[in-house]
Amino acid sequence: PDEVLIDTVKEFANVVLGNVVAKAQVKGYKIEIVPPELLEVGDGLIAVPEEMVGVYFPVVVPSGSRCEFALFVSP
């Protein structure tokens with residue numbers, strides 16, 4: 001089911017980003033991640049290709065720098 005696929009992708013991304021955060025902390029950086037959010041076409045944040053869903057992870061560090069991580073999948 002679509003819901004299981006989406007939850008699996010979100011969990012995978014959480015594991016990957018959790019490892020990034022852990023490695024960054026070892027190197028003295030402080031990074032926080034927020035829970036992933038599901039984007040649909042037309043949400044206005046990222047152009048999600050038609051017929052796909054996206055998982056988006058904003059990453060903000062204390063200096064105000066920001067990067068974004070997004071996964072797009074076909075359900």
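This briefing describes the fold, surface, core and confidence of one protein model. The model is predicted, so local features need pLDDT of at least 70 and side-chain atom pairs count only at pLDDT 80 or more, while totals for chains, interfaces and linings use all residues. Residues are numbered from 1 along each chain as its sequence is written, and side-chain values use heavy atoms, with hydrogens and water left out.

**Fold**
- The protein has one helix and four strands, in the order α-β-β-β-β from the N terminus.
- Helices (H or I, at least four residues) and strands (E, at least two) are DSSP runs, numbered from the N terminus.
- Among contacts with a separation of 6 or more, 37% join residues 24 or more positions apart; contact means heavy atoms within 4.5 Å.

**Burial and surface**
- Of the 75 residues, 24% are buried, that is, under 20% relative accessible area with a 1.4 Å probe, protein chains only.
- The exposed area is about 5100 Å², and carbon and sulfur atoms supply 58% of it; areas come from the Shrake-Rupley method with a 1.4 Å probe.

**Core**
- The largest nonpolar core has eight residues: I6, V9, A13, L17, V53, V55, F57 and V73.
- Helix 1 and strand 3 (53–60) each give two or more residues to this core, and helix 1 gives the most, with four.
- A nonpolar core is a set of buried Ala, Val, Leu, Ile, Met, Phe, Trp, Tyr and Cys residues joined through side-chain atoms within 4.5 Å.
- Leaving aside neighbours within four places in sequence, V73 contacts L5, V9, M52 and V53.

**Confidence**
- The mean pLDDT (the predictor's confidence in each residue, from 0 to 100) is 75, and 72% of residues reach 70 or more.
- Among the elements, helix 1 (residues 2–26) has the highest mean pLDDT, 83, and strand 2 (residues 37–39) the lowest, 68.

Conventions. Buried means under 20% relative accessible area, exposed over 50%, partly exposed in between (1.4 Å probe, protein chains only).
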